[in-house]
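Hi everyone, thanks for making time this morning. I'd like to walk you through one model, so let me put it up on the screen.

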Amino acid sequence: MKESNRVALITGVTGQDGSYLAEFLLQKGYEVHGIKRRASLFNTDRIDHLYQDPHESGRRFVLHYGDMTDSSSLTRIIQQVQPDEIYNLAAQSHVAVSFEEPEYTANSDALGALRILEAIRILGLEKKTRFYQASTSELYGLVQEIPQRETTPFYPRSPYAVAKLYAYWITVNYREAYGIYACNGILFNHESPVRGETFVTRKITRAIARIKLGLQDCLYLGNLDAKRDWGHAKDYVEMQWLMLQQDQAEDFVIATGVQYSVREFVDAAAQEVGLTITWKGQGADEKGYDVDGKCIVSVDPRYFRPTEVETLLGDASKAKEKLGWTPKITFKELVTEMMREDLKSAERDELVKRHGFSAYDYHE
Ligand code: NDP
Ligand code: GDR
């Protein structure tokens, strides 16, 4: 079927990946439907540039209210949209928050995937609708093999990862039991300038920009030794699409094959704005100082997790061989882009402050 005749449905369209994927599919000519949940304030910043007025005819981008915890909304939307492809990206996606809200995380991340697969089955769309599940390198948790590939055993280390383990297996089960084209993308960490502000990379680039401009004194972080395989979200959403275009549904690891520690990410971000950090102390007492001896980074144990994932490194050879996929954006380019965008917004805040307005006045 021509791409211009295809209809895609994205859950989590207001999130980082949802916004990149919606843009990508619209460029391919898809009609794109997205599910957003009700919030008391607008939460569509990442997709506002894609908005199309509902009063205009021939709309290619349509939003629907729904929630991963509410079967009735999900089934209704799927029935109405009759999608050729569903990308299930919606999730309570913060690992640390999952320790605070384990039941909600299970409901949205584990049962949410089941609700969509059941809707496909109940509506008789098994042969029509292809399903992508946003699985995660967090499944490897306490790693059993380095690097991690599709055959590496799972050992989840958080309520988030355990919920995603259920979603992974229910996707495999519905593929085998009902012949649904359903697959898991086991994606390693991927970031961008629109990454949520509480994930470590964005927290770092935002804070370094603000420290550079005198808007903030210190960046407080948790485990600086954690190592991650960080890629760019833009590269990774292309892979999500590719996975649904094959003859047979399969699961794939998506990663860069290179890892850095959180500390190294801080150093890379600081270098972008000409700051050099000297690290002193260890564990909960570690601090980072600028050339004037001012403490600008400090460990705060409140950001330690009850069980941590210390190291993740992916092997995406299968994706390379079978799909011809390799990431295009390097770690250095990722950090440069994130820093550039966060510097721009810090400069705006600094300008407002310099002219005597508080952020509160400004928003009024
Ligand atoms: P984000 O946190 O940026 O986006 C999550 C999206 O899910 C948001 O649109 C959010 O809505 C929505 N959402 C959360 N709960 C619900 C709910 N109950 N009902 C409906 N929508 C909901 O995540 P990313 O874009 O970074 O990640 C996308 C997916 O990929 C997630 O499932 C994540 O777990 C997974 N993943 C992410 C990786 C990464 O490194 N980014 C790596 C591997 C997997 P709202 O905007 O209203 O909050
Ligand atoms: P992660 O991402 O848990 O890998 O999950 P996050 O950026 O939150 O943490 C990465 C590592 O950094 C350490 N860390 C901190 N993390 C945060 N958030 N805040 C801090 O202050 C801090 N200090 C140190 C963490 O302990 C961790 O080791 C992300 C999410 O996008 C998931 O949805 C996704 O499935 C996985 O990536 C792959």
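Let's begin with a pair of helices: H6 passes H8 in a right-handed crossing. Please keep in mind throughout that this is a predicted model. The angle between H6 and H8, the latter being residues 262-272, is about 35 degrees, and their axes are 10 Å apart.

Which residues in H6 meet H8? On the H6 side we have Val200, Thr201, Ile204, Thr205 and Ile208. Across from them, H8 brings Val262, Phe265, Val266, Ala269 and Ala270. By character, the residues of this contact divide into eight nonpolar and two polar, with no charged residue.

Now let's step back to the whole chain. It is divided into domain 1, residues 3-187, and domain 2, which is made up of 200-226, 260-310 and 329-363. Taken over C-alpha atoms, the centres of domain 1 and domain 2 are separated by 31 Å. Where the domains meet, seven residues of domain 1 are in contact with four residues of domain 2. The domain 1 side of that contact consists of three nonpolar, two polar and two charged residues.

There is also a record to mention. An unreviewed UniProt entry carries the annotation "domain: NAD(P)-binding" for residues 9-338. In the model, that span is 36% helix and 17% strand, and its end C-alpha atoms lie 28 Å apart.

On to the ligands, starting with ligand 2. How many residues surround ligand 2? There are 22, and the closest are Ser93, Thr136, Val200, Gly222 and Ala226. You'll recognise Val200 from the H6 contact with H8. Both domain 1 and domain 2 contribute at least three residues to the shell around ligand 2. Helix H3, residues 95-100, and helix H6, residues 200-212, each supply at least two. The make-up of this shell is ten nonpolar, seven polar and five charged residues.

And then ligand 1, which is surrounded by 24 residues. The closest of them are Gly12, Gly15, Asp17, Ala91 and Ala134. Helix H1, residues 16-27, and strand E5, residues 130-136, each give at least two residues to the shell. H1 accounts for the largest share, with three residues. Sorted by character, the shell around ligand 1 has seven nonpolar, 14 polar and three charged residues.

That's my tour for today. Thanks for listening, and I'm happy to rotate the model to whichever part you'd like to look at again.

Technical notes: Residues numbered from 1 in each chain as written. Chains lettered and ligands numbered in written order. Predicted model: local features only at pLDDT ≥ 70, side-chain atom pairs only at ≥ 80, totals over all residues. Domains from an automatic or database assignment. Contact = placed C-beta atoms within 7 Å. Nonpolar A, V, L, I, M, F, W, Y, C, P; charged D, E, K, R; others polar. Near = placed C-beta within 6 Å. Helix = DSSP H or I, 4+ residues; strand = E, 2+ residues; numbered from the N terminus. UniProt positions renumbered as here; feature names shortened; annotations may be inferred. Axes fitted to C-alpha atoms, helices over the stretch in contact; angles between N-to-C directions. Left-handed = near helix turned anticlockwise from the far one by under 90°.
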